[in-house]
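Please open the model in your viewer and keep the selection tool at hand. This tour moves from one pair of charged side chains to the next.

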Amino acid sequence: MTLGPYTYLTLSMRLESAPQVGVSFHTPHLKVRAGLLLSDPRPYLEFSSDEANVHISTTGAGPVTDADLATAREIFTAAARYLADCEQLHAEQTADDKDATPDATGPAA
């Protein structure tokens, strides 16, 4: 079974625990942007689809802390890994597709 594009949201609330929100984007309509809010100023990172938005910014929406820098580096490292994995799988899938496509210049069956 192959699923179509979707965005999946969950909210879990347990007694004596902080609520947990999960957002899974599986859509080609995902938009990612980053910038600097000039009014504060503070940096932000945003992931959005038609169904959900996720905004990431500094701790308490305040000044940039050492922890904020560490989180930004983790995001950067994870994004680089995601890119590398996507590029590798895309190259493999493209090669597999070419191998499975009959050669149009070959003899007719």
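Is D85 buried, partly exposed or exposed? The model is predicted, and in it D85 has 30% relative accessibility, so D85 counts as partly exposed.

Keep D85 selected and add R81. The side chains of these two residues form a salt bridge, with 3.1 Å from N to O. Both residues belong to helix α1, which covers residues 66-100. They are four residues apart, about one turn of the helix. R81 counts as exposed because its relative accessibility is 55%, and the threshold for that class is over 50%.

Next, select R33 and E46. A salt bridge joins R33 to E46, and their closest N and O atoms are 2.4 Å apart. This pair links distant parts of the chain: R33 is in strand β3 (residues 31-37), whereas E46 is in strand β4 (residues 42-48), and 13 residues separate them. Now display the surface around both residues. R33 is partly exposed, at 48% relative accessibility. E46 has a relative accessibility of 9% and therefore counts as buried, since the buried class lies under 20%.

Finally, select D40 and R42. Their side chains meet in a salt bridge at 2.6 Å, N to O. D40 is partly exposed, with 43% relative accessibility, while R42 is buried, with a relative accessible area of 17%.

How many salt bridges does a search of the whole structure find? The search finds three.

How values were computed. Residues are numbered from 1 along each chain as its sequence is written. This is a predicted model: local features need pLDDT of at least 70, side-chain atom pairs count only at pLDDT 80 or more; totals for chains, interfaces and linings use all residues. Side-chain values use heavy atoms; hydrogens and water are left out. A salt bridge is a side-chain nitrogen of Lys or Arg within 4 Å of a carboxyl oxygen of Asp or Glu. Helices (H or I, at least four residues) and strands (E, at least two) are DSSP runs, numbered from the N terminus. Buried means under 20% relative accessible area, exposed over 50%, partly exposed in between (1.4 Å probe, protein chains only).
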